[in-house]
Amino acid sequence: MLSSLTAIPVESVEHGEVFTRRWVVDLVLDLAGYTADRDLAASVAVEPACGGGAFLASMAARISASCRKHDRPLLDAKHALRAFDLLTPNVLASRRLVQGVLLEEGWSLAEAREVATAWVRQCDYLLDVELDEGVDFVMGNPPYVRLEDVPADRMLAYRAACPTMTGRSDLYVGFYERGLRSLKPGGVLAFICADRWMRNQYGRHLRELVTAGFSVEVLVEMHDVDAFEEQVAAYPAVTVLRRAHQGTAVVVETRRPFGPQDAPEILEWVADPDAAARANNRYEVASLPHWFSGSDSWPCGSPSRLALIETLNERFPALEDRATGTRVGIGVATGADSVFITTKADVEPRRLLPLSMVRDTTSGTLSWSGHYLVNPWDADGQLVDLEALPRLRAYYQRHAAALKRRHVAGKRPAHWYRTIDKVDQSLVERPKLLFPDMKTTIHPVLDEGSYYPHHNLYYIVSDEWDLRVLGGLLLSRVAQAFVEAYAVRMRGGTLRFQAQYLRRIRVPKPEAISATDRTALAAAFDRRDSRAATEVALRVYGIEEPGDLIDGPAGVRGGNP
């Protein structure tokens, strides 16, 4: 227990309270299996951030009904529920709410008061609660607070208590971690919460924790649904995780009309192991044979899209592959583009390295704009000796103030004229596919082997692939689907085609593609014909129907991996 922070007033912390509608609460509890037909008095349930009691009201009613059904006195359930909150007003309001629910259920005032007081406690769930590993259920709506908005001492304590809270984490990551670690075997955590941790860098360690010891059972994406009492841009999802080996995973993508009338259909579908995938104007639901593994970002999209991605992940190797000598990289970052990048400079000619820029790729055919890198590196990857290059020395010295202000120069003052990244000059002469960082659609452009890429360009080189054939595959909607599933989408629909997302693309082995299809892919790439490239790619990947690559259900047939 970390008690050293009690001097920090909780009123100074932004608490991130977002209150959940009752029908959504009931959906979360039902998906968790927290139902009155079970002997709930014999189980232990935790609500880690009860707020005004949105979850508590329904949980109290279910415990009451369960006690009646199992012929138990209410006091048998005195230790069946543990609810926590930091704020005194929330604790008092929640106790009054629980007491009122129990009185309406016909229990005496003394019983209702005693149980309500025992159930609702004032403390910090992340710091002041001893970790109990015998919990059956952890359910609720944890707070949405960026960790940098928490006072420094408390932030450090949170990070110490919850190792998954790294980087620019959100507080709810700690609630997931503490809740998961408290579950006994077979225990269930069910939260409605922002789903950004499934894809963002700060969720990496939480994803690793989940896939190492827990099963993703149900995921209900509710981005467009009015799930809360107030309008919030929270990208919420209901996530049901169990301390068990991973089995099948049910994925539901809801649409704007989804509401309380649809919840019973979802529950019925989840309960039926033989249910067929279903899609309508309110939701799409399907079952995946298992979930995605590891700490890498989990894909997002419709259930049919996720099923397709999972199948392709199983059947085809990754784009970056030692077997084919295929590598994904990024162009040179300088830390001072205004100095290092130029169309002319009074330096020794061999110090000017032709540089490809994003603007050069706009048409789909590389059209060099005449930019150079004023290159401080020799062919062996060592900084050049400025004493041997008087014109280069003079050029850098004219800009010394700007160059020396950079962080990279401060770390090694003697190397003040270096770029952030080393330059591998052999890359210039290698054929490569270039990808602008930010586009709405994937945009591979071929450099036959003449330029070094700028840092807003990612590149692919390969020993085995004909890059026009590979370019055709990567121009297709199949490749686009991988990036859409894993990448963060920016405002306006722009995607980041960064190395970590390009590496998630799966491709057939080059030798598995027929000569006819290789010719067709190269021709589609040359014509910048994404539709034609997609038609060939669907055949090469063995995708029987385009599914929601175009719009609609997806299916996969056999094919040569």
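Which side chains meet in a salt bridge at 2.4 Å, N to O? Keep that in mind while you read these notes, and remember that this is a predicted model.

1. Let's settle the opening question. The two side chains are those of aspartate 262 and arginine 282, which meet in a salt bridge at 2.4 Å, N to O. The pair links distant parts of the chain, 20 residues apart. Aspartate 262 sits in the loop between strand 8 (249–254) and helix 8 (263–271), while arginine 282 sits in the loop between strand 9 (278–279) and strand 10 (283–288). Is aspartate 262 buried or exposed? Its relative accessibility is 1%, so aspartate 262 counts as buried, the cut-off being under 20%.

2. Salt bridges turn up elsewhere too: a search of the whole structure finds 30 of them. In general, side chains of opposite charge can pair when their charged atoms come close. Have a look at arginine 154 and aspartate 124, whose side chains meet at 2.6 Å, N to O. Arginine 154 belongs to helix 5 (residues 152–161) and aspartate 124 to the loop between strand 3 (120–122) and strand 4 (135–140), so this pair ties together parts that are 30 residues apart in sequence. Both arginine 154 and aspartate 124 are buried.

3. Now try aspartate 39 and arginine 72, another salt bridge, with the closest N and O atoms 2.8 Å apart. Here the partners are 33 residues apart: aspartate 39 is in the loop between helix 1 (22–32) and strand 1 (45–47), and arginine 72 is in the loop between helix 2 (54–69) and strand 2 (81–85). Aspartate 39 is partly exposed, with a relative accessible area of 27%, and arginine 72 is partly exposed as well, at 25%. If you'd like a network of salt bridges, find Arg22, Asp26, Asp30 and Arg62, which are linked in one.

4. Next, a sheet. Four strands form an open sheet in the order 11-19-15-17, with antiparallel pairing. At its edges are strand 11 (327–330) and strand 17 (445–447), each of which pairs on one side only. From one strand to the next, the twist averages 30°. Strand 11 and strand 19 (residues 457–461) pair over four bridges; to find your way in, start at isoleucine 330, whose bridge partner in strand 19 is tyrosine 458.

5. Helix 14 (residues 467–475) packs on this sheet and touches strand 15 (432–436), strand 17 and strand 19. The direction of helix 14 makes about 30° with that of strand 15. Why is helix 14 described as largely enclosed by the rest of the structure? Because eight of its nine residues are buried. Among them are Leu467, Val469, Gly471 and Leu475. The buried residues pack against the three strands just named and also helix 15 (477–486), helix 17 (515–527) and helix 18 (530–541). At the N-terminal end, aspartate 466 acts as a cap: a side-chain oxygen lies 2.9 Å from the backbone nitrogen of arginine 468.

6. Finally, the nonpolar cores. The largest has 148 residues, and Trp119, Trp197, Met222 and Ile505 touch the most other members. Leaving aside neighbours within four places in sequence, tryptophan 119 is in contact with residues including Ala60, Ile63, Leu81, Val98 and Leu102. There is also a second, separate core of 36 residues, which includes Leu355, Leu403, Tyr459 and Val461.

Technical notes
Residues numbered from 1 in each chain as written. Predicted model: local features only at pLDDT ≥ 70, side-chain atom pairs only at ≥ 80, totals over all residues. Heavy atoms only, no water. Pairing = 2+ DSSP bridges. Helix = DSSP H or I, 4+ residues; strand = E, 2+ residues; numbered from the N terminus. Axes fitted to C-alpha atoms, helices over the stretch in contact; angles between N-to-C directions. Contact = heavy atoms within 4.5 Å. Buried < 20%, exposed > 50% of the residue type's maximum accessible area, 1.4 Å probe, protein only. Polar contact = N/O pair within 3.5 Å; in protein donor to acceptor, adjacent residues only side chain to side chain. Salt bridge = Lys/Arg side-chain N within 4 Å of Asp/Glu carboxyl O. Core = buried A, V, L, I, M, F, W, Y, C linked by side-chain atoms within 4.5 Å.
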